[in-house]
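Work through the exercises below with the sequence and the model at hand. Each task is followed by a solution in steps.

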Amino acid sequence: GEVCTMINKKYSEFLPSMQSAEDLVAQVEGLSSNIDLLKAGIENEVQRDLNVAVAEFTELKQQLERDTLVLSVLKKLQEFDTAIKEYNTALVEKKYVTAAQQLEKARSSLRNLESRKGFELKILKALGTELTVQTQNMLYHLGEEWQKLIVWQLPPSKEGSSLEAVVLSELHLHTVPAQEEDTAVPPITAVLQALAVLGELHSKLKVFGQLLLKYVLKPLISYPSLQPLTEEQPDVFILRFKSKEPALDQSSPMEVFDKIRLIFEVLHKYLLNVPLEQPGEDRKDGRVTLAELLGELIWGELSDCLIQNCLVNSIPTNSSKLEQYIEVIKSTEEFERALKKMQFLKGDTTDLLKYARNVNSHFANKKCQDVIVAARNLMTSEIHNTVKITPDSCAALPKLPDPGTGDHLRMHKPSSLLHNGTVNLGNESKLSQYTFSLPTCRISSSVEQLMDLAYHTLLEATASTDQCCVQLFYSVRNIFQLFYDVVPTYHKENLQKLPQLAAIHHNNCMYIAHHLLTLGHQFRYRMTSVLCNGAATFVDLVPGFRRLGMECFLAQMRVQKGEILERLSSARNFSNMDDEENYCAANKAIRQVLHQLKRLGKVWQDVLPVNVYCKAMGTLLNTALAEIVTRIAALEDISAEDADRLYSLCKIMVEEGPQVFTPLLEEDKNKKYQEEVPVYVHKWMTFKELMIILQANLQEIVDQWADGKGPLAAEFSAAEVKSLIRALFQNTERRAAALAKIK
């Protein structure tokens with residue numbers, strides 16, 4: 001019963017909440033159907049009204065946009081019109097800056113109109129034309145003003161910018177500020193500012209800059225005698241020139257800088273110190289002075305001209321003068337500082353100053369160029385002006401300062417050249433002073449001077465900065481490479497035609513080769529560290545020069561040999577000498593050969609070193625003798641009269657041949673060399689043996705042969721001797737017996 005009571009109690013509590021939940025559900029269902037009704041209403045009526053409203057709104061919006069566009073176009077047209085009106089008023093009152101600004105306003109209005117798509121007005125074209133006409137009109141007025149302010153008086157154009165023409169030129173600046181400063185803007189500023197606004201200042205300044213360069217600045221740099229004169233009158237400033245005799249034919253950079261600076265100072269005072277508003281340029285504050293604008297236009301050309309016509313000439317040509325060049329660098333710095341102060345120059349060190357400061361390198365370049373030019377002139381001068389050199393002539397060697405005196409302390413002590421010419425190699429054996437000496441001979445004086453140039457340039461190099469030293473060293477090497485290339489080609493014809501020149505050229509090459517052996521070594525301890533460890537050498541050029549001299553001389557020898565053989569070819573093979581005509585021809589040929597040798601002996605006398613002379617003459621005489629031997633040995637029949645005549649021809653050669661050896665000027669000293677002829681003429685003994693055969697009987701020939709051990713056997717083969725016997729003797733038993741013994 002108790003449980004029942006409890007359930008009833010719970011249930012009675014539950015019922016009401018159940019009831020309220022059911023009420024809630026009923027309410028929600030009612031609301032939902034209301035919403036559905038409302039939704040249907042909206043979809044049917046309100047949505048329709050809304051669509052109509054949006055369409056109306058869009059239409060109104062487009063209408064508004066159209067009206068705004070029309071309004072802004074009308075506004076721009078009005079702006080254009082106002083600007084042109086105000087421009088006209090300002091122009092009449094000569095308010096140039098205002099006028100220019102109004103023109104630019106009109107221009108920007110027009111641009112704005114032209115930029116609108118789908119809105120092309122016929123009127124725009126007319127406005128454009130109007131603007132162009134007004135701009136040209138304004139520029140014409142400004143041009144007139146400009147010409148009043150800046151007046152050039154120039155000589156007739158055909159004169160150019162010669163000294164005479166420049167002396168007649170004047171520049172008048174009517175820009176002297178008026179004494180009563182009541183005008184708001186001085187006219188010059190107004191004119192320039194208006195030109196700047198219209199974007200025409202650049203081209204006006206460019207023309208002015210070019211005239212300034214041509215008639216003022218460049219002439220002052222190029223003509224040392226030209227002096228600027230300035231004169232200030234109340235309303236005009238005048239620049240003119242006078243010409244006075246200069247002390248030197250080139251003015252120093254200092255003088256040139258002073259003149260140019262003066263010009264800029266007066267221009268600055270009367271013309272260039274005008275600050276301008278620069279429209280649309282990326283200047284910091286949009287302001288710029290006229291000086292700056294002109295500087296940008298002409299500085300490049302002016303600085304090139306100063307470098308080429310002033311600094312280049314002032315570069316010293318020897319290192320001792322380099323010290324004094326500091327002055328030039330200083331004055332270049334001052335010149336630049338002054339131009340910067342006047343705002344003509346912007347930025348830091350310009351090419352001009354860089355050039356001046358780089359004097360060491362320019363010095364080296366100039367020096368090297370001078371050296372090469374001098375060398376080339378020597379190489380193209382005549383070969384035949386000669387000087388004599390002897391083993392003890394230390395030709396062209398300047399005294400070298402003691403290596404110890406250099407700033408560079410060397411660790412190793414160089415071998416010292418002692419006064420007597422022997423080289424002291426520490427405690428090793430002494431070399432004779434003639435070890436490295438040249439034999440006595442003649443060389444071209446130009447080559448001696450060339451060597452001198454090489455030594456002095458190297459000496460100069462040892463006193464220079466490292467970079468300069470290296471450059472000079474290589475320019476000396478270039479001298480020799482140039483000789484190697486230039487001389488053989490430049491003097492080609494003469495070296496082929498004239499035996500004496502070929503001999504001198506041979507000596508020249510040997511002389512150069514000789515000096516190249518020791519050239520680098522002599523300067524070894526004085527060169528910069530870059531070169532002292534063996535790089536500074538010329539030894540590699542030695543074989544080339546020896547070859548050059550040899551080849552030229554051997555070519556000449558070939559020519560001479562050819563002539564000898566050519567002459568002997570007219571001797572009718574030395575056959576049938578009993579025929580008078582044949583004999584005469586042979587005799588003439590031999591005379592001509594001797595004459596040729598005698599002439600050569602004379603032109604090479606005192607030129608070639610004695611040993612070379614004797615070898616050369618010996619070789620040529622040998623050519624003649626060998627040819628005669630070959631011709632006679634080949635004869636098949638020699639009559640007794642033939643043999644006598646051949647003998648007499650050979651006798652001429654043997655008696656007169658040695659006399660062509662005259663290596664020295666002193667006649668009595670040549671005897672020795674004439675007696676030594678057999679040493680230099682390979683076929684001498686062969687020739688003598690041939691003469692013996694021509695005179696001998698059969699028995700004497702057999703005795704001379706002496707079983708192949710006699711003097712005859714030393715010069716001729718058995719076959720040759722047999723052939724000669726057959727030609728000289730009739731076929732008898734005695735001849736057969738003699739022939740049998742020759743084997």
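**Exercise 1.** State which helix holds Ala 585, and decide whether Ala 585 is buried or exposed.

Solution. Step one: in this predicted model, Ala 585 belongs to helix 18, which covers residues 580-603. Step two: its relative accessibility is 17%. The cut-off for buried is under 20%, so Ala 585 counts as buried. Step three: setting aside neighbours within four places in sequence, Ala 585 has contacts with Ser 570, Ala 571 and Arg 572. Step four: Leu 568 is 17 residues from Ala 585 along the chain, and the C-alpha atoms of the two are 9.5 Å apart.

**Exercise 2.** Describe Asp 606 and Ala 706 by their phi angles, their places in the chain and their accessibility.

Solution. Step one: most residues other than glycine have a negative phi. Step two: Asp 606 is not a glycine, yet has a positive phi of about 70 degrees. Asp 606 sits in the loop between helix 18 and helix 19, and with 12% relative accessibility it counts as buried. Step three: Ala 706, also not a glycine, has a positive phi of about 45 degrees. The loop that holds Ala 706 runs between helix 24 (698-705) and helix 25 (711-715). At 32% relative accessibility, Ala 706 is partly exposed.

**Exercise 3.** Give the number of aromatic pairs in the structure, then analyse the pair of Phe 257 and Phe 335.

Solution. Step one: there are 13 aromatic pairs. Step two: the rings of Phe 257 and Phe 335 are 4.6 Å apart, centre to centre, with 10 degrees between their planes. Planes under 30 degrees apart count as stacked, and this pair is stacked. Step three: Phe 257 is in helix 7 (residues 253-272) and Phe 335 in helix 9 (residues 326-341), so the pair ties together parts 78 residues apart in sequence. Step four: Phe 257 is buried at 2% relative accessibility, and Phe 335 is buried at 0%.

**Exercise 4.** Find the cluster that ring pairs make, and the contacts of His 505.

Solution. Step one: the cluster linked by ring pairs consists of Phe 473, Tyr 474, Phe 480, Phe 483, Tyr 484, Phe 538 and Phe 545. Step two: His 505 is part of helix 15 (residues 499-522) and is buried, with a relative accessible area of 1%. Step three: not counting residues up to four places away in sequence, His 505 touches Phe 483, Val 487, Leu 495, Leu 548 and Cys 552.

**Exercise 5.** Characterise the largest cavity by its volume and its lining.

Solution. Step one: one cavity of 30 Å³ or more is counted. Step two: the largest cavity holds about 80 Å³ of space. Step three: its lining has 13 residues, and those nearest the centre are Leu 378, Met 379, Ser 446, Val 447 and Phe 483. Step four: at least two lining residues come from each of helix 11 (359-379), helix 12 (445-462) and helix 13 (466-490). Helix 12 gives the largest share, three residues. Step five: by class, the lining has seven nonpolar, five polar and one charged residues.

**Exercise 6.** Summarise the chain by its secondary structure and its buried share.

Solution. Step one: the chain has 27 helices and ten strands. Step two: of its 743 residues, 42% are buried.

Methods
Residues numbered from 1 in each chain as written. Predicted model: local features only at pLDDT ≥ 70, side-chain atom pairs only at ≥ 80, totals over all residues. Heavy atoms only, no water. 1 Å grid on protein atoms, 1.4 Å probe; cavity = no way out; pocket = protein on both sides within 12 Å on 5 of 7 lines; lining within 4 Å. Points joined across faces, edges and corners; volume = space filled by probe spheres on them. Helix = DSSP H or I, 4+ residues; strand = E, 2+ residues; numbered from the N terminus. Nonpolar A, V, L, I, M, F, W, Y, C, P; charged D, E, K, R; others polar. Phe/Tyr/Trp six-rings, centres within 6.5 Å; stacked < 30°, edge-to-face > 60°. Buried < 20%, exposed > 50% of the residue type's maximum accessible area, 1.4 Å probe, protein only. Contact = heavy atoms within 4.5 Å.
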